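Reader: I'd like a close look at a single part of this model, and then at how its surroundings are built. Please keep it brisk.

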There are 2 protein chains.
Amino acid sequence: MATSRIVPQARFSAQARLRALQSEIMELILDRKLEAGDPLPTENELSLALGVGRNTLRESLKVLQALGVIEIRHGFGMFVAPSNLEALADGLSFRSRLSLRHRGVEALQLIEVRRALESGLIGGSIDCMTAEQLAAIDEAVTLMEELAAAGEDMIAASAQFHRRLFEPLDNELLMSLLDVFWSVYSKIPAELGMDDEGLPETVAVHRKIYAAVASKDKTLAAELLDTHFDGMRRRVAEVVSA
Amino acid sequence: MATSRIVPQARFSAQARLRALQSEIMELILDRKLEAGDPLPTENELSLALGVGRNTLRESLKVLQALGVIEIRHGFGMFVAPSNLEALADGLSFRSRLSLRHRGVEALQLIEVRRALESGLIGGSIDCMTAEQLAAIDEAVTLMEELAAAGEDMIAASAQFHRRLFEPLDNELLMSLLDVFWSVYSKIPAELGMDDEGLPETVAVHRKIYAAVASKDKTLAAELLDTHFDGMRRRVAEVVSA
DNA sequence: ACCGGGACATGGGACATCCAATATTCTGTT
DNA sequence: AACAGAATATTGGATGTCCCATGTCCCGGT
């Protein structure tokens, strides 16, 4: 191997090479102090700068796009993306669906993590909740009740409810995570052929949670969330084991 | 034939097309009832089956690889991947570094989420912890103490400690999330120019947490974790606001 | 009979070169 | 001044070609 190859990247495993390329692009963004919304060099410039073919570069760029690092606009250019973990939902969702074919372990894990997050953070959210935000939660519950009465799908309304529960924390990361979990969770009933989100009990629990939050009862709110997710967990477990 | 393909969802943005292609591949995996470790068709077969060029297909495949859906082995083939969210760390980590650069709010959000997760799940972990797992935690604390005494870097040891705390739950999703958070968190001190993980107080807190876990005191363990992360939060907040 | 090395087949990795699709920007006409 | 269409820049996608990594298998040596 004394033949010191001129090749930029040594003969590391292919996976490592691709990741290295991605890292290089990210470093380039950080080095040039680009911020969200700023344009990146064009594909041609980048492929030249990094010494790789445009096609190889594009593979990395698409990955970065999927990871939510950059935004690619056809015919215009590439830009540093604003925060959003949405893309991760695809991978997670796929994995959960795959797991549901066996014993649903991943789906159950997802619910467990979500339970810990929501019941663990509700206290802090109650602390800094404004009257308007409380009213927005009330509104979401009311919408759920109406949809449930009409027998319509209320998964989206439920998501909005949970989202608004934690808006006071002003924590984008948490919001993104909740969105991801929700988008995965929303596919579970369809995959299992169950329809539990429409149950009147579910709506009632949400109403109770709202009441607890409104009365600033952190312990009760946390408990209710716990039982809510516990119920979900049990239902999924039942269907899967059947 | 492929030429006169009327392109079902043609007029959607290119982004949507790429995502659709990824979905098609995932559907294909699910339809064929492939499980983790099973081989996928070759790139050529897939590009033929899906009616796209091999290059385009590869872009999607690389994305799926990054999302942890498939595993690509050079010269051998592609396989349905076992669980691993490691790749997601790249995106998260990048974004956090981007935000640390000016505001550091995301760092605070990250710590908050981590606090909720760990203090919310420690109880369940204590419930199903074996003697061996407890011993492993003890070992991790001891390692931290030794490293701290020697004045060496103990971030990795700290990560191992937290990881072992939640091993009893056997929740891969949680483990992956903790890894992600840790990989981001480990970059915070460097990015902000602080060096707090080496403090003797930190080690002492970890020892106390171990003691609480060993005595099955869920409440105390959760409290200690809370204060631990709260301390972190305060230190980061100081540096950021300075 | 057993072991090892090398040829071979398979399949992913990388690149160059087209051309198509599309968003922005400029320009010319009204 | 305002609008329509052309020019341009940039990404999207397809194809062909070659390279290289990995696994398999045969064949020869021991």
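Author: The answer begins at the start of one helix and then moves outward to other parts.

This is a predicted model, in which local features need pLDDT of at least 70, side-chain atom pairs count only at pLDDT 80 or more, and totals for chains, interfaces and linings use all residues; side-chain values use heavy atoms, with hydrogens and water left out. Residues are numbered from 1 along each chain as its sequence is written, while chains are lettered from A and ligands numbered from 1 in the order in which they are written.

The part to look at is helix 8 of chain B, residues 172-185. Helices are DSSP runs of H or I with at least four residues, strands are runs of E with at least two, and both are numbered from the N terminus. Helix 8 of chain B has 14 residues, which should span 20 Å at 1.5 Å a residue. The expected span is 1.5 Å times one less than the number of residues. The end C-alpha atoms of helix 8 of chain B are 19 Å apart, which agrees.

How much of helix 8 of chain B is buried? Of its 14 residues, 11 are buried, so the helix is mostly covered. Buried means under 20% relative accessible area, exposed means over 50%, and partly exposed lies in between, with a 1.4 Å probe and protein chains only. Among the buried residues are B:Leu173, B:Leu174, B:Met175, B:Phe181 and B:Tyr185.

Now the start of the helix. A side-chain oxygen of B:Asn171 reaches to within 3.1 Å of the backbone nitrogen of B:Leu173. That backbone nitrogen has a partner in the other chain too: a polar atom of the A:Gln109 side chain lies 3.3 Å from it. A polar contact is a pair of N or O atoms within 3.5 Å; within protein, one must be able to donate a hydrogen and the other to accept it, and residues adjacent in sequence count only if both atoms are side-chain atoms.

A:Gln109 sits in helix 5 (residues 105-127) of chain A. It counts as buried because its relative accessibility is 10%. Leaving out residues up to four places away in sequence, A:Gln109 touches B:Asp170, B:Asn171, B:Glu172 and B:Leu173. Contact means heavy atoms within 4.5 Å.

B:Asp170 belongs to the loop between helix 7 (155-165) and helix 8 of chain B. Its relative accessibility is 58%, so it counts as exposed. Phi of B:Asp170 is near 55°, a positive value in a residue other than glycine. B:Lys33 also has a positive phi, near 55°. B:Lys33 is in the loop between helix 1 (14-31) and helix 2 (43-50) of chain B. At 62% relative accessibility, B:Lys33 counts as exposed.

Next, the DNA. DNA strand C is surrounded by 24 residues, and the closest are A:Gly53, A:Asn55, A:Thr56, A:Arg73 and B:Arg58. Sugar and phosphate make up 68% of the strand's atoms that come within 4 Å of the protein. A residue is near a strand if one of its heavy atoms lies within 4 Å of it. Bases are reached as well. A polar side-chain atom of A:Asn55 lies 2.8 Å from a base nitrogen of DNA strand C. For an N or O atom in the side chain of B:Arg54, the distance to a base nitrogen is 3.0 Å. For a polar side-chain atom of B:His74, it is 3.4 Å. Helix 3 of chain B gives the most to the surface near DNA strand C, with 4 residues.

Back to chain A, which has 11 helices and 2 strands. Buried residues make up 51% of its 242 residues. One of its buried residues is A:Leu46, at 1% relative accessibility. A:Leu46 is in helix 2 (residues 43-50) of chain A. Its contacts, not counting residues up to four places away in sequence, include A:Leu28, A:Pro41, A:Leu57 and A:Met78.

Finally, confidence. pLDDT is the predictor's confidence in each residue, from 0 to 100. Chain A has a mean pLDDT of 85, and 91% of its residues reach 70 or more. Over residues 1-11 of chain A, pLDDT stays under 50, and the model has 4 contacts beyond four places in sequence for them.
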